[in-house]
Amino acid sequence: MTDHVLVAVAWPYANAEIHVGNLTGSYLPADIFARYNRLRGRNVLMVSGSDAHGTPITVRADAENTTPLEVYQRFHEGFLDLFQQIGLHYDLFTSTHTANHFQVSQDIFLALKQNGYLFTDRTFQWFAPSQNRFLPDRYVEGTCYICGYPNARSDQCDKCGNLLEPQKLIDPRSRIDNSTPELRETEHYYLDLGKLQDEVVEFLRDRESYWRPNVLRQSLGQILTEGLRGRPITRDLDWGIPVPIDGWTGKCLYVWFEAVIGYLSASIEWAKINGQEEAWRDWWHDPQARSYYFIGKDNIPFHAVIWPAQLIGTGKTFDELLGSQPAENLVLPYDVPANEFMNLEGQKISGSRNWAVFARDFLTRYDPDPLRYYLTVMMPETRDADWDWEDFYKRNNDELVATWGNLANRVLAFTYKNFEGKVPEPGELTDLDRALLAAVEGGFETVARELEAVHLRAALGEAMRLASEVNRYLDQTAPWTALKIDRQAAARAVYVALRAIDSLKILFAPFLPFTSEKLHGFFAYEGKLFGTQSTEIRSDPLGEHNVLRYNGETATGRWEPSQLKPGSPLNQPGPLFKKLDVKIVEEERARLGKPA
Ligand SMILES: [Zn+2]
């Protein structure tokens with residue numbers, strides 16, 4: 001098996017703050033998986049960026065009387081700040097508003113056109129004579145012709161829930177200036193998905209044995225019942241990537257079409273930044289390379305059906321356009337482990353109603369690892385989950401602090417104080433000692449098995465179970481009382497527990513990187529488990545964009561059992577986690593749904 005692993009992470013829309021539901025849906029699982037694979041010594045490339053285009057951003061810019069560029073840049077900077085605070089180790093987090101992404105997207109468009117997978121068709125679209133421009137459907141409101149609701153969107157009525165035919169809307173008006181829009185004929189490019197259906201079905205059948213049922217249902221299942229039809233990939237909008245065809249000014253590539261191309265363009269940008277222009281090919285041309293797409297369930301059709309169709313339709317032509325000899329196909333997704341949604345205290349999360357736990361706000365009051373812990377144990381891998389503040393409080397105190405944090409702190413502090421700050425000589429190990437070490441070291445197989453299958457909840461649960469085993473071992477050996485009666489027995493128990501904790505540190509590291517790193521320091525090892533993050537301003541013909549990068553060159557962490565040597569010095573230890581006061585439950589609940 002090749003050791004190239006592409007970790008492709010959903011691109012956040014740069015028009016809203018990231019909340020805990022976004023984190024547990026895609027960004028956090030991607031980082032856990034990437035960190036694990038890096039510890040295995042594999043060549044990981046984790047890429048994503050801000051989705052800078054599309055109408056949600058132009059709507060917000062119009063509402064705030066500013067430009068889409070300003071809106072995108074403001075939220076993009078917030079994402080970079082958050083990802084560093086919570087330790088999401090993107091090899092590159094960039095944006096779709098870069099000259100490189102424009103070029104790659106336009107080349108994919110041209111490749112699909114050249115291969116006969118695009119066609120044009122004429123439709124009717126709202127046009128505002130007052131502004132001399134086409135309006136997206138959601139910019140136009142009117143009276144619903146089914147139920148009479150006066151504030152229906154032109155494509156859907158929020159009152160009766162029906163999808164509407166825009167031309168039947170009564171008294172249409174523009175949400176921008178209340179002027180009366182008219183329907184005008186317009187021409188667009190369509191991706192001919194029907195032509196690609198057989199190959200997409202074959203692609204999905206090849207993965208049927210290991211994909212999540214919810215992903216298969218929304219991809220293979222849907223195609224087999226409904227089939228695939230052409231889908232427009234351009235629109236009348238000036239904020240976005242221009243359609244690279246003469247006479248098509250004023251139209252741009254639809255955001256759903258170009259944002260997924262970001263996985264490829266970001267890989268190419270990463271290679272350029274590193275001065276190894278061709279390095280991206282290791283993840284995109286080697287058929288053995290594995291690409292994992294971490295997304296929320298609302299994005300399944302785009303990643304499990306449409307993006308593979310774009311890649312299949314592109315074939316070798318993208319590489320030919322780059323002038324490569326010989327030209328290669330692009331690698332198709334290996335897995336799309338999409339998550340379901342997380343609710344908040346029993347209700348759907350809504351950023352606009354402030355019914356949300358925003359990640360950056362959370363981190364002003366709490367540490368990152370407790371958030372990563374709770375979002376992993378509650379991760380909506382198979383069904384919707386619920387963030388509950390009382391549950392957060394309990395799991396922090398009863399699991400993270402009581403089972404793991406106290407274990408590490410108690411043993412390290414006891415050793416530091418009673419064995420001259422060094423790992424003691426154990427003498428001959430007993431069967432009980434060897435059994436504990438074998439159980440914990442078995443975690444490098446059992447936890448790994450779950451991680452390989454992207455069962456992150458189960459993987460963390462298994463690591464926590466092993467921590468409980470060490471607690472049970474300490475209950476039996478009780479070095480704290482043995483110390484005065486039989487110092488050698490106490491030394492042996494402490495040595496065994498330290499070695500187990502040193503192994504657990506690695507098993508927990510993908511999930512709890514900040515505290516594992518801290519613990520690594522208490523053991524006085526040289527070097528860090530993981531590398532470092534930094535931001536960097538890049539310039540191109542479109543202007544400047546700030547990117548987040550990861551440098552793993554200095555990382556020394558390995559997915560291997562502890563080889564702790566007796567006599568090794570320890571550093572002064574301290575607690576890994578904070579116990580929370582029960583009053584935070586009511587305080588945090590009182591914040592919900594109030595204006596920020
Ligand atoms: Zn209606």
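## Salt bridge within helix α14

The side chains of Asp391 and Arg395 form a salt bridge, with an N to O distance of 3.3 Å. This is a predicted model. Both residues belong to helix α14, which covers residues 389-418. Asp391 and Arg395 are four residues apart, or about one turn of the helix. Asp391 is partly exposed, with a relative accessible area of 22%, and Arg395 is likewise partly exposed, with a relative accessible area of 22%.

Elsewhere, Arg60, Glu64, Glu70 and Arg74 are joined into one network by salt bridges that share partners. Side chains of opposite charge can pair when their charged atoms come close. In total, the structure holds 44 salt bridges.

## Salt bridges between distant parts of the chain

Glu345 and Arg589 are joined by a salt bridge between their side chains, at 3.0 Å from N to O. Glu345 is in the loop between β14 (342-344) and α12 (359-362), while Arg589 is in helix α20 (residues 583-591), so the salt bridge ties together parts that are 244 residues apart in sequence. Arg589 counts as partly exposed, because its relative accessibility is 26% and the partly exposed class runs from 20% to 50%.

A salt bridge also forms between the side chains of Lys578 and Asp367, with an N to O distance of 2.9 Å. This pair links distant parts of the chain, 211 residues apart. Lys578 is in the loop between β17 (543-551) and α20, and Asp367 is in the loop between α12 and α13 (368-377). How exposed are Lys578 and Asp367? Lys578 has a relative accessibility of 53% and counts as exposed, whereas Asp367, at 33%, counts as partly exposed.

## Negative surface patch

Which residues form the negative surface patch? The patch consists of Asp198, Glu199, Glu202 and Asp206. One of these residues, Asp206, lies in the loop between α5 (193-205) and α6 (213-226). The relative accessible area of Asp206 is 51%, so this residue is exposed. The cut-off matters here, because exposed means over 50%.

## Open four-stranded sheet

Four strands make up an open sheet with antiparallel pairing, in the order β5-β4-β9-β10. At the edges are β5 (133-134) and β10 (231-232), each of which pairs on one side only.

Within this sheet, strand β4 (residues 118-128) runs antiparallel to strand β9 (residues 182-191), and ten bridges join them. Thr120 is opposite Tyr189, which is in β9. In a regular strand the side chains alternate between the two faces of the sheet.

## Pairings of strand β17

Strand β17 takes part in two pairings described here. Nine bridges join strand β16 (residues 532-540) to β17, and these strands run antiparallel. A hairpin connects β16 to β17 through two residues. Ser539 has Glu544 in β17 as its bridge partner.

The other pairing is with strand β3 (residues 92-95), which runs antiparallel to β17 and is joined to it by two bridges. Here the bridge partner of Phe93 is Leu548 in β17. The loop that holds Lys578 lies between β17 and α20, and α20 is the helix that contains Arg589.

Methods
Residues are numbered from 1 along each chain as its sequence is written. This is a predicted model: local features need pLDDT of at least 70, side-chain atom pairs count only at pLDDT 80 or more; totals for chains, interfaces and linings use all residues. Side-chain values use heavy atoms; hydrogens and water are left out. Patches are made of residues with over 30% relative accessible area and no salt bridge: like charges are joined within 9 Å, nonpolar side chains (Val, Leu, Ile, Met, Phe, Trp, Tyr) within 5 Å. Accessible areas come from the Shrake-Rupley method with a 1.4 Å probe; for residues, only the protein chains shown count as cover. A salt bridge is a side-chain nitrogen of Lys or Arg within 4 Å of a carboxyl oxygen of Asp or Glu. Lys and Arg count as positive and Asp and Glu as negative; His and the chain ends are not counted. The place of a charge is taken as NZ of Lys, CZ of Arg, CG of Asp or CD of Glu. Buried means under 20% relative accessible area, exposed over 50%, partly exposed in between (1.4 Å probe, protein chains only). Two strands pair if DSSP finds at least two bridges between them.
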